[in-house]
Amino acid sequence: MDDNLLLCLEHAGICRNENRILHDACLEVRAGEFLYIIGKVGSGKSTLLKSLYCEMPISGETCMLLGYNLCKMKRKEIPYLRRKLGIVFQDFQLLTDRPVQKNLEFVLKATGWKNKNEIRERIESVLCQVGMQNKGYKMPHELSGGEQQRIVIARALLNNPQLILADEPTGNLDPETSSQIVQLLHEICRSGTAVMMTTHNYTLVHNFPARVVKCENETLTDIVPEPALTD
């Protein structure tokens with residue numbers, strides 16, 4: 001793969017409990033690209049992302065992500081791949097027994113950070129990036145859904161990932177907050193981090209245009225936008 005190509009799937013397949021989710025799927029994602037994965041509920045969007053962070057097995061002719069062969073991943077390699085990824089979940093998955101600061105500190109320590117000053121500075125930096133610089137002392141339950149999702153995005157940014165996988169990040173949010181979250185993800189992308197976002201919210205896709213890939217009939221298809229009408 002060339003240096004710009006973060007993900008390359010060629011003739012990839014995913015099965016879950018003997019049910020075929022994807023078959024003969026092809027997909028490339030390049031550095032700094034924003035990509036929507038759209039499709040009906042149950043079409044395989046989330047399963048695709050799970051296969052990329054090694055929650056689901058994937059097979060195929062080529063399944064390369066950030067220099068790792070997903071078809072031949074060893075268990076000990078998985079944490080190293082995940083450190084290069086940022087993962088944003090629909091249901092937040094924050095640790096509810098500790099404040100925001102300690103949530104983020106936990107991730108950094110778990111991924112090898114040891115210097116207290118560097119940990120503090122990194123946490124301050126990502127909180128500022130997502131507009132939550134004054135919320136580090138808050139417990140998750142004291143935050144709104146949109147604020148919690150911003151913290152989740154901050155957590156995803158901690159290790160300067162090359163690619164963020166956002167799985168229905170607006171699924172539990174109201175329309176206005178959803179727009180703010182997608183706008184934030186686009187801002188992060190413009191700063192150089194590629195983003196893959198699954199959604200079935202076509203309003204967001206329309207309002208914040210980017211490349212669109214449809215997950216349908218067990219395959220992935222790039223959706224070419226319709227040309228503007230001219231007189």
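A residue is called buried here if its relative accessible area is under 20%, exposed if over 50%, and partly exposed in between. This tour relies on that distinction at nearly every stop. The model on display is a predicted one.

**Stop 1: strand β8**

Select residues 194-199, which make up strand β8. Six of the six residues in this strand are buried, so the rest of the structure largely encloses β8. In a regular strand, side chains alternate between the two faces of the sheet. Colour the strand accordingly: A194, M196 and T198 belong to one side, while V195, M197 and T199 belong to the other. Both faces of β8 are covered, since the residues on each side are all buried.

**Stop 2: the neighbours of β8**

Keep β8 visible and add strand β3, residues 34-38. Strands β3 and β8 pair in the parallel sense, and five bridges connect them. To find one point of this pairing, select I38, which stands opposite T199 of β8.

Next, add strand β7, residues 163-167. Strand β7 also runs parallel to β8, and five bridges join the two. Here one may select A166, whose bridge partner in β8 is M197.

Now display helix α6, residues 175-190. Which unit do β7, α6 and β8 make? Together they make a right-handed β-α-β unit.

Before leaving this region, select E168, in the loop between β7 and α6. Its phi is near 45°, a positive value in a residue other than glycine. E168 has a relative accessible area of 9%, so this loop residue is buried.

**Stop 3: helix α4**

Select residues 116-129, which form helix α4. This helix has 14 residues, and the distance from its first C-alpha to its last is 20 Å, close to the 20 Å expected at 1.5 Å a residue. Within α4, highlight the buried residues: I119, R122, I123, V126 and L127. Why do they lie on the same side of α4? The reason is that they cover an arc of only 130° around the axis. Display α3 and α5 (145-157) as well, because the cover over a buried residue is best seen with its partners shown: both are included in what covers the buried residues of α4.

**Stop 4: an open sheet**

Turn to the sheet with the strand order β2-β1-β4-β5. Its four strands form an open sheet, and the pairing is antiparallel. The edge strands are β2 (19-30) and β5 (68-69), each of which pairs on one side only. Select β1, residues 5-16, together with β2: eight bridges join these strands in the antiparallel sense. Within this pair, L5 stands opposite R30 of β2.

**Stop 5: helix α1 and T47**

Select helix α1, residues 45-52, and then T47 within it. Is T47 buried or exposed? Its relative accessibility is 6%, so T47 counts as buried. Show the residues around T47: leaving aside neighbours within four places in sequence, T47 is in contact with I14, R16, I21 and M56.

**Stop 6: an aromatic pair and its loops**

The structure holds two aromatic pairs. A pair of aromatic rings is described by the distance of the centres and the angle of the planes. Select Y53 and F89, which form an edge-to-face pair with 6.2 Å from centre to centre and 85° between the planes. This pair links distant parts of the chain, as its two residues are 36 residues apart. Y53 lies in the loop between α1 and β4 (62-65), and F89 lies in the loop between β6 (85-88) and α3 (100-110). Y53 counts as buried at 7% relative accessibility, and F89 is also buried, with a relative accessible area of 18%.

Two further residues can be visited in these loops. In the loop between α1 and β4, select C54. Although C54 is not a glycine, it has a positive phi of about 70°. C54 counts as buried, because its relative accessibility is 19%.

In the loop between β6 and α3, select Q93. At 44% relative accessibility, Q93 counts as partly exposed. To end the tour, draw a distance between the C-alpha atoms of Q93 and C63: these residues are 30 residues apart along the chain, and the separation is 27 Å.

How values were computed: Residues numbered from 1 in each chain as written. Predicted model: local features only at pLDDT ≥ 70, side-chain atom pairs only at ≥ 80, totals over all residues. Heavy atoms only, no water. Buried < 20%, exposed > 50% of the residue type's maximum accessible area, 1.4 Å probe, protein only. Contact = heavy atoms within 4.5 Å. Phe/Tyr/Trp six-rings, centres within 6.5 Å; stacked < 30°, edge-to-face > 60°. Pairing = 2+ DSSP bridges. Right-handed = clockwise from strand over helix to strand, strands pointing away. Expected span 1.5 Å × (residues − 1). Arc of directions from axis to C-beta.
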